[in-house]
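Reader: I'd love to talk through the pockets of this model with you. Could you tell me how each term is defined as we go?

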Amino acid sequence: VSIELNGIAHIQLTVNDPERCVPFWEKLCHFVGMQTLIKADDIVYCIGSRTGILIRGVMPGHDRSRFDQERAGLHHFCFRARSREDVDTIHRFLVDELQAHVVHPPEEGGFAPGYYSVLFEDPDGIRVEVNHVPGKGHLGPGGRLGEGGDGPADRFGAEGMKRGS
């Protein structure tokens, strides 16, 4: 027996610098069609666009080291955009309005056919991606898991996904 999920309901991130991160995330969430449900000095929870994002300051007495995507835990998460133009629009907003650190501007990637994304960091260095993949991506025609596809990869990197050597 198995089920098919309906996406991610919410993501909760703990930040060291809520003074900078709470406004950053609230502006970003509003830009992508979400609304603020909870807001205080060290917390914001926005919902809409079929998900929720909760940002809260680290609790007193806990580790306040900077986010490191190579440690155990979250590496990054990725919002799915409806079009390449949406990825470009978000990039402009990140630069012009949020002064976000952009790791890479919108670019083609080898992760799936037509993969197009922007990667950025919030004020605490938490990495977030926004991508667009046309059609059904890996599950559709021409995709790795679609009819006639190559099947699961056993490695991936800058050159895309590979199977066998």
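Reader: Which element gives the largest share of the lining of the largest pocket?

Author: Strand S5 does, with four residues. This is a predicted model, where local features need pLDDT of at least 70, side-chain atom pairs count only at pLDDT 80 or more, and totals for chains, interfaces and linings use all residues. Residues are numbered from 1 along each chain as its sequence is written, and side-chain values use heavy atoms, without hydrogens and water.

Reader: What makes a residue part of the lining of a pocket?

Author: On a 1 Å grid over the protein atoms alone, a pocket is an open set of points where a 1.4 Å probe fits, with protein on both sides within 12 Å along at least five of seven lines; a lining residue has an atom within 4 Å of a point. For the largest pocket, 25 residues line the space, and Ser 49, Arg 50, Phe 79, Arg 80 and Ala 81 lie nearest its centre.

Reader: Why is S5 called a strand?

Author: Strands are DSSP runs of E with at least two residues, and helices are runs of H or I with at least four. S5 spans 77-80, so the name strand applies. Helix H2 (84-96) and strand S8 (127-132) also each supply at least two lining residues.

Reader: How many lining residues of the largest pocket are nonpolar?

Author: There are 13 nonpolar residues, beside seven polar and five charged. Ala, Val, Leu, Ile, Met, Phe, Trp, Tyr, Cys and Pro count as nonpolar, Asp, Glu, Lys and Arg as charged, and the others, Gly among them, as polar. Phe 79 and Ala 81 therefore count as nonpolar.
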